[in-house]
Amino acid sequence: MDLLKPNENQLFPLVIFVTGGGFFLAPKYNYLQQRMALAESGFIVASIEYRVIPQGKFPDALIDIKNAIRFLKANANKFEIDKTKVAIMGESAGGYLAALTATTNNYKEFEIGENLNESSDVQAAIDIYGLSDLTKVGDDFSKKIQEVHISPSAPEAIFINGLSLFNKGGSIKDNLNLAEKANPINYISKNTPPFLLMHGDKDSLVSPSQTEILYESLLKNGIDAHRYIVKNANHADKYWYQPEVINIIIEFLKKIFK
């Protein structure tokens, strides 16, 4: 992981950044400008790596992220972290994984690895143009693109089923039980923290309705949630580097952690 922290000797809230990469990549150097802005605003920011295809499939990435959270909490004094104030933030596939990590607060099934005496629970979640229902990623797009998303070669299908070289493969529709298990909506509970969701109305990779589905489910379950639509923004384009966007994130975190 990469760690950014304010240059002061005191405890700071922690933001764990989960990069996107279509489940095939996890480049922890992404989103540097936004991470720097968070660190300058008084947060320690850890950008982590996780298993990707073909080394892993669901739920390996989730297990890795929870491992990273427990590691950071176990070393909280060393890194000057206030482990009672932890947020998770991600974009694209990372936004999906951030949402899944937050909604599975207090679910022991995914607590595998080291530092198991620490909790991987988080107190806030930021989902930037992330997925939610992996069976509906292309719903807002043309019929041709929808067909791509239900093919065995779609990233979400391989994330669930693994590569056919090592597994039986198949489309996302061929393993609906596991797709349901990989849906953060199905874990929302009283333990789910406040959410900030953001999506561009011109997103051409992940249907904007993906964050809307999650947002509505959070509200339905009484979870504090806010969703912003960034006009004219595509997937991971220049619009996401606007100061207005990062300021919304910083103000959300400051409100949660006071």
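Which residue in E5 is the bridge partner of Glu-91? Select Glu-91 and look across to E5: the partner is Ile-128. This is a predicted model, so read every stop below as a computed result.

**Stop 1: the strands around E4**

Stay with this pair of strands. E4 covers residues 81-91 and E5 covers residues 124-128. They pair in the parallel sense, over five bridges. Now trace the chain from E4 to E5. The route passes through helix H4, residues 93-103, and the β-α-β crossover is right-handed.

Next, select E2, residues 12-18. E2 and E4 also run parallel, joined by six bridges. Pick Phe-12 and you will find Ile-81 of E4 opposite. Then colour E4 by accessibility. Eight of its eleven residues are buried, so the strand is mostly covered.

**Stop 2: helix H2**

Select residues 60-74, which form H2. Put a distance between the C-alpha atoms at the two ends: 21 Å. At 1.5 Å a residue, the 15 residues should span 21 Å, so the model agrees with the expected value.

H2 is mostly covered as well, with twelve of its 15 residues buried. Show the side chains of the buried set. Among them are Ala-61, Leu-62, Ile-63, Ile-65 and Leu-72. Charged residues belong to the buried set too, including Asp-60, Asp-64, Lys-66, Arg-70 and Lys-73.

**Stop 3: two cis bonds before H2**

Step back into the loop between E3 (44-48) and H2, where Pro-54 is found. Which kind of peptide bond runs from Ile-53 to Pro-54, cis or trans? It is cis, with omega near 10°. Move along to Pro-59, also placed in the loop between E3 and H2. The bond joining Phe-58 and Pro-59 is cis, and omega is about 5°.

**Stop 4: the cavity**

Keep Ile-53 and Phe-58 selected; both line the largest cavity. Add Phe-23, Tyr-50, Arg-51, Val-52, Gly-56, Lys-57, Ala-61 and Phe-159 to complete the lining. The volume is about 40 Å³. The structure holds one cavity of 30 Å³ or more. By class, the lining residues are seven nonpolar, one polar and two charged.

Ala-61 ties this stop to H2, where it is one of the buried residues.

**Stop 5: two positive phi values**

Zoom in on Phe-23, another lining residue of the cavity. Phe-23 lies in the loop between E2 and helix H1 (32-40). Its phi is positive, about 70°, although the residue is not a glycine. Is Phe-23 buried or exposed? Its relative accessible area is 4%, under the 20% cut-off, so Phe-23 is buried.

Jump to Asn-115, in the loop between H4 and E5. Asn-115 is not a glycine either, yet has a positive phi of about 55°. With a relative accessible area of 25%, Asn-115 is partly exposed.

**Stop 6: the largest pocket**

Select Gly-22, Ser-92, Leu-205, Val-206 and His-235. Of the 16 residues lining the largest pocket, these lie nearest its centre. About 250 Å³ of space lies in this pocket. Its lining has eight nonpolar, six polar and two charged residues.

**Stop 7: Glu-216**

Finish on helix H8, residues 209-220, and select Glu-216. At 46% relative accessibility, Glu-216 counts as partly exposed. Add Lys-202, which is 14 residues away along the chain. The two C-alpha atoms are separated by 20 Å.

Methods: Residues are numbered from 1 along each chain as its sequence is written. This is a predicted model: local features need pLDDT of at least 70, side-chain atom pairs count only at pLDDT 80 or more; totals for chains, interfaces and linings use all residues. Side-chain values use heavy atoms; hydrogens and water are left out. On a 1 Å grid over the protein atoms alone, a cavity is a set of points where a 1.4 Å probe fits but cannot get out, and a pocket is an open set with protein on both sides within 12 Å along at least five of seven lines; lining residues have an atom within 4 Å of a point. Grid points are joined across faces, edges and corners, and a volume is the space filled by probe spheres set on the points. Buried means under 20% relative accessible area, exposed over 50%, partly exposed in between (1.4 Å probe, protein chains only). Helices (H or I, at least four residues) and strands (E, at least two) are DSSP runs, numbered from the N terminus. Two strands pair if DSSP finds at least two bridges between them. A crossover is right-handed if, with the strands pointing away from the viewer, the path from the first strand over the helix to the second runs clockwise. The expected span of a helix is 1.5 Å times one less than its number of residues.
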